Amino acid sequence: MIEIKELCKTFRMPDGRQITALSDINLSIQDGEIFGIIGLSGAGKSTLVRCINLLERPSSGQVIVDGRELTALKPKELRQARRSMSMIFQDFNLLMQRTALENVCFPLELNGLRGEAAWRKKRAMELLELVGLADRANSYPSQLSGGQKQRVAIARALATEPKYLLCDEATSALDPNTTRSILDLLRRINETMGVTIVVITHEMKVIDQICHRVAVIDQSRIAELGRVSEVFTNPRSDIARELIIPRDRAVLDTAGGRRIRITFDGSDAKAPVISEMVLECQAPVNILFADTREFEGVTHGHMIVELPSDPRQAEKLLVWLKNSQVKWQEEA
Ligand SMILES: Nc1ncnc2c1ncn2[C@@H]1O[C@H](COP(=O)(O)OP(=O)(O)OP(=O)(O)O)[C@@H](O)[C@H]1O
Ligand SMILES: [Mg+2]
């Protein structure tokens, strides 16, 4: 388990100014879960993940991994504790002069897991098989696509048999299909090898697809934390709402009327709510936004509709909504 307690991080700039990257962060990541950290650019996500493995030293607060407080460890103990964690990045960080296989061998050479060269090679080959790249073992990174490079990076990260895998925007440089396949691979690694995964991203779709829980970070603080299905269906903070339904969606801006957000939380998601409403009220509504997703086999969704401009028709719809089982609220 990774526990973060009252963690703060400030950077001092050369001109003496202080930048607060993280304030009073409290969270715990359970063994076996896929935990997401989402926020806009500059929110503090990378700083947080770098504090988890102490690449960055917190200004105050504690990082406790499997009961050991990392900030209190001596350098040698810290090196040892860090071995339980691996990291992957947006730009893959592969060694360009080494083949895929040699890249995967690299941490085995470094980490005192020396053994025979033949053993290292065999182990690296197994890992390349796991990520579906055995046939490209002798290719150099420059000969691989982005998705393939990230697969090599994942194989390399797993070489030391980490308990935790920290992923900082690991799919941000990839197209949607490749993103999906890399996320599927991470989920398989979580499920079959029991690796606890921390996923940093600015994209809600990444969180939806594989995370169990999510912390939403806004301006160096945790704005919201909970199960993904809960945060998605019932976002309480402005920032979570914005990440789920970006405010800049052109269609929302052009709509002048009163807007209602309808939330589906599983049981009724597939019920034809809107058509029922329109039929019963005999009033037209304009659907501005609709999005449904599956979490744990249950469909959840959001819909934003614009009320008719005729106040009597609008009132009729509001009365219908009030008398229905539907969860809704008027948008500001
Ligand atoms: N080494 C550093 N020195 C000074 N300021 C830093 C340093 N690292 C990060 N910061 C500042 O801390 C804040 C948080 O940065 P961080 O990189 O953690 O954000 P992020 O959420 O990862 O953003 P992005 O999505 O763009 O990667 C920013 O204001 C950034 O400028
Ligand atoms: Mg970052």
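**Note on ligand 1 and helix α1**

1. A polar side-chain atom of S46 lies 2.9 Å from an oxygen atom of ligand 1. This distance, like the others in this note, comes from a predicted model, and it should be read with that in mind.

2. Two further contacts involve oxygen atoms of the ligand: a backbone N or O atom of G44 lies 3.0 Å from an oxygen atom of ligand 1, while an N or O atom in the side chain of T47 is 2.5 Å from an oxygen atom of ligand 1. Taken alone, ligand 1 exposes 640 Å², of which the protein buries 62%.

3. The shell around ligand 1 consists of 13 residues, and the closest of them are S41, G42, K45, S46 and T47. Sorted by class, this shell holds 6 nonpolar, 5 polar and 2 charged residues.

4. As to where the shell residues come from, β2 (18-29) and α1 each supply at least two of them, and the largest share, 3 residues, comes from α1.

5. Helix α1 spans residues 45-52 and is mostly covered, with 6 of its 8 residues buried; the buried ones are K45, T47, L48, V49, C51 and I52. Two of these names, K45 and T47, also appear among the closest residues to ligand 1, and T47 is the residue whose side chain has an N or O atom 2.5 Å from a ligand oxygen atom.

6. A backbone detail may also deserve a look in the structure above: just after α1, L54 takes a positive phi of about 60°.

Key: Residues numbered from 1 in each chain as written. Chains lettered and ligands numbered in written order. Predicted model: local features only at pLDDT ≥ 70, side-chain atom pairs only at ≥ 80, totals over all residues. Heavy atoms only, no water. Buried < 20%, exposed > 50% of the residue type's maximum accessible area, 1.4 Å probe, protein only. Helix = DSSP H or I, 4+ residues; strand = E, 2+ residues; numbered from the N terminus. Near = heavy atom within 4 Å. Polar contact = N/O pair within 3.5 Å; in protein donor to acceptor, adjacent residues only side chain to side chain. Areas by Shrake-Rupley, 256 points an atom, 1.4 Å probe, with all protein chains shown as cover. Nonpolar A, V, L, I, M, F, W, Y, C, P; charged D, E, K, R; others polar.
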